[in-house]
Every structure is written in C-alpha cells, then in structure tokens.
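Work through the exercises below with the structure open beside you. Each task is followed by a stepwise solution.

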Number of protein chains: 2
Amino acid sequence: MMRQAGRYLPDYRVLRDKYDFFTRVQTPELATAITLQPVDQIGVDAAILFSDILVVLQAMGLEVQLIENKGPILPNPVRTLADMNRVYVPDADESLGYVFDAIRLTKQELNNRVPLIGFAGAPWTLLCYMVEGKGSKTFDTVKAFCFTQPDLAHRLLQMLTDTTIAYLKQQVKAGVDVVQLFDSWGGLLSPDDFETFSLFYMRQIIQALNKEVPTILFAKGAWSSIPEMAATGSTALGLDWCIRPETARKMAGPGVTLQGNFDPARLVSPISELKKEVSKMLNGFGPGRYIANLGHGILPNVPVDHAKAFVDIVKNHQYQTREKQVFSSL
Amino acid sequence: MMRQAGRYLPDYRVLRDKYDFFTRVQTPELATAITLQPVDQIGVDAAILFSDILVVLQAMGLEVQLIENKGPILPNPVRTLADMNRVYVPDADESLGYVFDAIRLTKQELNNRVPLIGFAGAPWTLLCYMVEGKGSKTFDTVKAFCFTQPDLAHRLLQMLTDTTIAYLKQQVKAGVDVVQLFDSWGGLLSPDDFETFSLFYMRQIIQALNKEVPTILFAKGAWSSIPEMAATGSTALGLDWCIRPETARKMAGPGVTLQGNFDPARLVSPISELKKEVSKMLNGFGPGRYIANLGHGILPNVPVDHAKAFVDIVKNHQYQTREKQVFSSL
C-alpha cells in the first residue's frame, strides 16, 4: 500500500512525536524501523523504503522544510535564471548516502522475507515544488513558469532527470528490488503538456533503469497518456481510483503489469463493504499482471484493522470460476 | 469563459476592493455590472451570471463566509444527524430572490446582445463544502462521511437536489437562456461512487430542466463517466483540459454538444503560441456541436489582452479544408 509506513500506524506516530521528519528520513536506523512496521504489523508482501521525494531537491542545493500536517515549504523557490545558479546535479553517493545506508540496513533486517521497493519523484513533480515553493491545488505558478520560460524549465527538468537516474541506480546498487517513479502532479497537465514537461523525462529514467530492475511508473491523474506510459517499457503502471480496471487494461494493452487502484478514502468503509469493493476491483483486473494496491497513499484516518483487512482480503481472494476460464483461454 | 467576470479584470478588482464578496453577489446592480464587464471588455458571446454556487447553502440555513483569496469557510459544518436539523429545503423565491432580480436586470441591460447563462453547483460539490466546512485537496472528511453514514449523505444530497431544481427553474423563469450544473469535485470519486453520490442526483436536475432550456453538465475530472453523463440527456457536457478532443467525442457519442477544454493556465503563454494551441483545440473538436471555452475558471494572473486574444482566436478561426470535408461528409 502506498505510504504504508505512515500516520495511521500508532508505532509510526510514536517515532513521529520523538523525531522530526527529516531526522526520521536521514537516520538509517529510524528509516529502517519505520519501513519494517507495516511488514510486521499489516502483513503487506512488499516493503516500501521510508523516505520522501523531496530529498532529491535538498541534494540539489535547495532548502526544504517539512512541517507536520502542513506539507513542504521551500523558502527560496527557483523562478529565474539567477535562481538557477543555486541548483546543481549532485554526487548522489555523497549527498544521499543516508538513503543507501537505510536500504542496506533494511535489506539486512528483511532477510529476504519480502522484496524492497525504492522510489523517486518524477522531474515534473519535483519542479512543481522547486518553483511553487509549496504545495498547491493547481500549481499555477510552476505552470506559468513553464509556459513563459520553457527554456529554463527544460534545463531544470533535465538536471532533475540526470540526478534521479543516478539516485535510482544507486538505490538499486544498495539493494532495492523494484523502483517506483511517482508523478503526483502529472494530472494537472493537458495530454500534450504532459508529454512535453513530464513524460519526455520520465521515459529517460525508466529506460535507464528497466534493464536493471522492474520499474513502476505512476502518474496520478494522467489517465489520458496510459498508452504512451505503457510504451516507455516500464514493467508496471500505477493507477489512481478514477479509472475502471477494464478501461485501464484496454488502454495499457496486455503487456504491462497494472498496479492499483483502490480509493484510499474507501478504507474507512465497514469491513463487510470493504470486502465487496476490494473483491470487485480484484475481479475487474483479473488474475495475472496485476499488483493489488491503493490508488494513492493511505490516509491518516484509516483504522489499522481496516488496513489489515484490505491486505487479508487481497491475499484470500478467490477468482470467480468464469473469470479463471476467460483468462486461461487467453 | 468560465469565471469570465473575475479578478483578472481591473474593473472587477475596483468593485472587489469596494464591496465584500456576498455584497457583490446579493446586490443586483453590482452583480449585473460585473456580469456585463467581460461582455463589454473581452467580447465573449455569452454572459455568465456573476454569483456563487454556495448561495444555495446559505438559503438552506448554513452560514458561509468567503474570505478573499482564501476560499469559503462554513463555521458549522454538517456531520451528524443533529447537525441535519439546521438544514432545510428553502422557498427559493424568498431566500434567493436577489439572484432572480439580478437575472432580470442583466437581461434588460443585455438587451438581447448575447444570451445569459445561469448556473448552480452539483449536489455532491455542495455536500463537500457542507460537510468539510472548507476547501480541501482531497475532501477526505466528506468522503468518510459518505462511506460511514451513507443514509445521512443521501438524505442531504436529495435535499440539495430538490433545492437546486427549484432554484434553477426560478432562474429560467427570471430569464436565463441556458443553465450550467458544476460538479467541481466529482473527479475525486471512483466511477461507481460518482454514480452513487453525484450523477444519480445530477441526472434528476438535468431531466427536470432540459425540457425548459439547454443544459450544460460539467463534472471536472469525471472523464470516466462521460458516456453516462451524455446519457442524462444534457444538451452539452463541459470538459476539463486533461482529455483530448477526439477521445471526448468518442466517449460522448455524436449527439451531445461538447464545451471546453483549454487549460486556463495556458492563457499566460505568448499570444503567438496561444494562437497555435487554441487552433489545435478547435481543429480537434471540429465545427459543430461545440462551445469553445476554458477547461475550468480563468485565473487571476491572466493578462486582459491574452483573455481577449483567446476570444478573438476562437471567433476568427478558419477550419482546415480537409476537416471541413470530413465533417460535411458525415
């Protein structure tokens, strides 16, 4: 489950109250302990490294503050050519070494119980924070930046891409079994602008990584470009909850694994209803080439037993006979 | 253009600095003056009544505060059965009379130059504000309310529906030529939940109105349900900018008019590029059964001459010969 090591877990909240966000992220022992919590307590069958997409911006020379329940703040956003002089492509091993240490320690602690998923933010999503300086509903400032200063935007996007490729390759070297690339804000762009300002760069990252490990590409809201995302060669595509499984499969074609797409807000439903809704999703995707997951990060208001119920329902699901027949005839 | 009477217009800002939001909305002379500004200054070929979707919540007994640049606040949101006792289906003529006065005055001032579009918020979007009490990125509180107390949610949604039908019928009686129903937050729901909590109610409203005037149904982000929205019998469907014109037409079928779908953030592009992008959109939709518009409300950062350029490009567009042939052969 995306953001499975998070605020809905009481043990996570204990560490959150004791250490600030970047201390948790930058201390390998803490990051490892948090990464393992949902494996031990919820029974998920993959670990997701506890980290944050914005560590890449810190490594590139920018100050990032993360205020609990408030979202990120960059006190000095990048909006002009002069601002760009503060930004550089870092030596990942030097500036993000704590991430690779956390990966090594987590792999050791996991002892092959389940695989470990690493991740990075997509260049477009990182540019959103870099230019806007904070979260936003519509990210008008970064869009105006791209539409009025496209040359600067593309230079920054390429720097973000180069940094991310090096960062993810080091994650693989440290031991992650899969990498996921998150484009949280790809869905704010029109299909043509998504190609220009986001997918053009994500494609470079996927193609640099997918010979080494399986990759998962997830651009929330960018449903219109599912065929183009499938064509990047990514092993899997993440899906939000606003698309029917059958539509997603039709758009993506048969060759790519699909991941998703349960509405995280739906986890508060009574467990009997949860069972009905999750089963409907599983039957919609059918067996094979599918990773059951939420359509976005788990929310803080989810009761732990509901998160556990989600995992159990998935693990115990029996596909209907008729569907088994359909699939075995393919 | 959606929200065409807005902050990007200097004359609007003059009135905004002088009168607070609800004074502007509730004083027919002010609402009329603001409604006419883009007709006179930008050259749009329809007027859109200056008002707000939240006036319906005020009429139903709730306090709504609107703080400039901040969004709406409802100090006493509705979350329990006890809260529901504060909410009622009002006599629209009594509590929303200022809207109908503004419509009559605007029609008089327009003197048939251009038609007048009235509007209302969709029941689901109004429920979002009613329960959440403020804007939100994900509206988790109202979703949790619907998923854990569906009976209360459906009772409120039906009250909102009944109120909206009466409200829009009175708008028609007062003189609006078209009505638009806005579901700003329909795209936060999965396709099945969109049917249950939103479209089920919008369908009632469209079917109560579409014998009297043309209707435009716009559920931002709810692309997956375009076929079902077309089947409501609405005269037109609004589209956001995250869908290609050809895809929208294919999903909607040939019988419904489509409206949209230029990315409002794109209006800051240099005018030469604006011309290229707007022409691409117009050619994508082709001539006939199409209303050129933005994919959402115009943004405050848009230069007035860019807004005017958008209108001029649309008005002066020449369809390419090849496309003319394709369409005339249909």
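Buried means under 20% relative accessible area, exposed over 50%, and partly exposed in between. Keep in mind that this is a predicted model.

**Exercise 1. Find the buried face of helix H1 in chain B.**

Solution.
- Step 1: Start with burial. Helix H1 of chain B spans residues 10-18, and B:Tyr12, B:Leu15 and B:Arg16 are buried there.
- Step 2: Look down the axis of H1(B). The buried residues fall within an arc of 105°, so they line one face of the helix.
- Step 3: Turn to the face pointing away from that buried side. It carries B:Asp17 and B:Lys18, which are exposed.
- Step 4: Identify the packing partners. The buried residues of H1(B) pack against helix H2 (21-26) and helix H3 (28-41) of chain B.

**Exercise 2. Describe the surroundings of A:Thr32.**

Solution.
- Step 1: Locate the residue. A:Thr32 belongs to helix H3 of chain A, residues 28-41.
- Step 2: Classify its exposure. Its relative accessibility is 4%, and the cut-off for buried is under 20%, so A:Thr32 is buried.
- Step 3: List the contacts, leaving out residues up to four places away in sequence. A:Thr32 touches A:Ala102, A:Leu105, A:Thr106 and A:Glu109.
- Step 4: Check for a polar contact. The side chain of A:Thr32 reaches the backbone oxygen of A:Ala102 at 3.3 Å, and the cut-off is 3.5 Å.

**Exercise 3. Determine how chain B is related to chain A.**

Solution.
- Step 1: Superpose the copies. A rotation of 180° with 0.0 Å of shift along its axis places chain B on chain A, with an RMSD of 0.0 Å.
- Step 2: Name the relation. The two copies are thus related as by a two-fold rotation axis.
- Step 3: Find the C-alpha of chain B nearest the axis. It belongs to B:Lys137 and lies 3.1 Å from the axis.
- Step 4: Compare the interface residues. Of those in chain B, 100% are also interface residues in chain A, so the copies meet through the same surface.

**Exercise 4. Analyse the aromatic pair of A:Phe147 and A:Phe197, then look at other aromatic groups.**

Solution.
- Step 1: Take the total. Over all chains, the structure holds 25 aromatic pairs.
- Step 2: Read the geometry of this pair. The ring centres of A:Phe147 and A:Phe197 are 6.0 Å apart, with 65° between the planes. The cut-off for edge-to-face is over 60 degrees, so the pair is edge-to-face.
- Step 3: Place the partners. A:Phe147 lies in helix H9 (residues 140-148) and A:Phe197 in helix H11 (residues 191-209) of chain A, so the pair ties together parts 50 residues apart in sequence.
- Step 4: Add burial. A:Phe147 is buried at 2% relative accessible area, and A:Phe197 is buried at 4%.
- Step 5: Inspect A:Phe200 and A:Tyr201. Their ring centres are 5.0 Å apart and their planes are at 85°, so this pair is edge-to-face. A:Phe200 is partly exposed at 41% relative accessibility, whereas A:Tyr201 is buried at 3%.
- Step 6: Pick out a cluster. A:Tyr12, A:Phe21, A:Phe22 and A:Phe50 form one aromatic cluster.

**Exercise 5. Which charged residue sits over the ring of A:Phe147?**

Solution.
- Step 1: Search over the ring. The charged end of B:Arg266 sits there, 3.9 Å from the ring centre of A:Phe147.
- Step 2: Examine B:Phe147. A:Arg266 lies over the face of B:Phe147, at 3.9 Å from the ring centre.

How values were computed
Residues are numbered from 1 along each chain as its sequence is written. Chains are lettered from A and ligands numbered from 1 in the order in which they are written. This is a predicted model: local features need pLDDT of at least 70, side-chain atom pairs count only at pLDDT 80 or more; totals for chains, interfaces and linings use all residues. Side-chain values use heavy atoms; hydrogens and water are left out. Helices (H or I, at least four residues) and strands (E, at least two) are DSSP runs, numbered from the N terminus. Buried means under 20% relative accessible area, exposed over 50%, partly exposed in between (1.4 Å probe, protein chains only). A polar contact is a pair of N or O atoms within 3.5 Å; within protein, one must be able to donate a hydrogen and the other to accept it, and residues adjacent in sequence count only if both atoms are side-chain atoms. Contact means heavy atoms within 4.5 Å. Copies are superposed by least squares on the C-alpha atoms of residues with pLDDT of at least 70 in both. The arc is that of the directions from the helix axis to the C-beta atoms. Rings of Phe, Tyr and Trp (its six-membered ring) pair if their centres lie within 6.5 Å; planes under 30 degrees apart count as stacked, over 60 as edge-to-face and the rest as tilted. A charge sits over a ring if NZ of Lys or CZ of Arg is within 6 Å of the ring centre and within 35 degrees of the ring normal.
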